[in-house]
Amino acid sequence: HTHDEPHESKNLAFNTSQCTEGSAVCVVIRTADRTLIGLVAKLATATKVQVSTLQKEISRIVKFVTILALVLALMILIIGFSQGVRWQLVVNLVI
C-alpha cells in the first residue's frame, strides 16, 4: 500500500537507491527541482542573507568617517585658497 505523499510511501526509491536482491521496475514520478532532494536544495539556496547589527554599525561608522574626511579636506582646500597659500602646499596638506 502506498501513501498519498511520495516521501511517506514504503515502496519509494531515490536516484541512488540500490536493489540488493531480486529485481525491480520503477516509475519516475518527479525530476529535477520537483524531487524531495531538489526541493531541499532549492530551499537551502533560497535563504535570504541578513545583515547583522555589527555589520550595520560598521557600515554606518565607515560612512560617517568617510564623509567627515571629505568635508575636512574640502574645508582645508577652501581655507587654503582663500588665504592665498600656494596650491601645491594646500594639496599636499590635504593628501
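**Entry 1: Secondary structure**

I first looked up the secondary structure of the chain and found 3 helices and 0 strands. I note here that the model is predicted. Read from the N terminus, the order of elements is α-α-α. For later use I recorded the residue ranges: helix α1 covers 36-45, helix α2 covers residues 53-82, and helix α3 covers residues 87-94.

**Entry 2: Overall dimensions**

I then looked up the radius of gyration, which is 33 Å for this chain, whereas a compact globule of 95 residues would have a value near 12 Å. The box filled by the C-alpha atoms, taken along the principal axes, is roughly 95 × 25 × 20 Å.

I also checked two pairs of residues that lie far apart along the chain. Val 90 and Thr 16 are 74 residues apart in the chain, and their C-alpha atoms are separated by 72 Å. For Ile 76 and His 3, 73 residues apart along the chain, the C-alpha separation is 78 Å.

**Entry 3: Surface and burial**

How many of the 95 residues count as buried? I found that 6% of them do. The accessible surface of the chain comes to about 9,100 Å², and carbon and sulfur atoms account for 62% of that surface.

I looked up two residues that count as buried. Val 90, which is placed in helix α3, has 3% relative accessibility. Ser 9, found in the segment before α1, has 16% relative accessibility and therefore counts as buried, since the cut-off is under 20%. I also recorded the distance from Ser 9 to Cys 26: the two are 17 residues apart in sequence and 14 Å apart in space, C-alpha to C-alpha.

**Entry 4: Helix α2 and its nonpolar patch**

I next turned to helix α2. A nonpolar surface patch of about 830 Å² is formed by Ile 61, Phe 64, Val 65, Ile 67, Leu 68, Val 71, Leu 72, Met 75 and Ile 79.

Is Phe 64, a member of this patch, buried or exposed? Phe 64 lies in helix α2, and its relative accessibility is 56%, so it counts as exposed.

I looked up two further residues of this helix. Ile 76 is in helix α2 and counts as partly exposed, at 32% relative accessibility. Ile 58 is also found in helix α2, and its 47% relative accessibility makes it partly exposed as well. From Ile 58 to Leu 70, a step of 12 residues along the chain, the C-alpha atoms are separated by 18 Å.

**Entry 5: Charges and the salt bridge**

I looked up the charges last. The chain has 9 positive and 6 negative charges, and the mean positions of these two groups are 22 Å apart.

How many salt bridges are there? The count comes to 1. The partners are Glu 57 and Arg 60, whose side chains meet at 3.0 Å, N to O.

Where do these partners stand in relation to each other in helix α2? Glu 57 and Arg 60 are 3 residues apart in that helix, which means that about one helical turn separates them. I checked the accessibility of both partners. Glu 57 counts as partly exposed, with 35% relative accessibility, while Arg 60 is exposed, with a relative accessible area of 54%.

**Entry 6: Summary of what I looked up**

I close with the main findings. The chain consists of 3 helices and 0 strands, and its radius of gyration is 33 Å. Buried residues make up 6% of the chain. A nonpolar patch of about 830 Å² includes Phe 64, and the salt bridge joins Glu 57 and Arg 60.

Definitions and conventions. Residues are numbered from 1 along each chain as its sequence is written. This is a predicted model: local features need pLDDT of at least 70, side-chain atom pairs count only at pLDDT 80 or more; totals for chains, interfaces and linings use all residues. Side-chain values use heavy atoms; hydrogens and water are left out. Helices (H or I, at least four residues) and strands (E, at least two) are DSSP runs, numbered from the N terminus. The radius of gyration is taken over C-alpha atoms; the globule rule is 2.2 Å times the number of residues to the power 0.38. Buried means under 20% relative accessible area, exposed over 50%, partly exposed in between (1.4 Å probe, protein chains only). Accessible areas come from the Shrake-Rupley method with a 1.4 Å probe; for residues, only the protein chains shown count as cover. Lys and Arg count as positive and Asp and Glu as negative; His and the chain ends are not counted. The place of a charge is taken as NZ of Lys, CZ of Arg, CG of Asp or CD of Glu. Patches are made of residues with over 30% relative accessible area and no salt bridge: like charges are joined within 9 Å, nonpolar side chains (Val, Leu, Ile, Met, Phe, Trp, Tyr) within 5 Å. A salt bridge is a side-chain nitrogen of Lys or Arg within 4 Å of a carboxyl oxygen of Asp or Glu.
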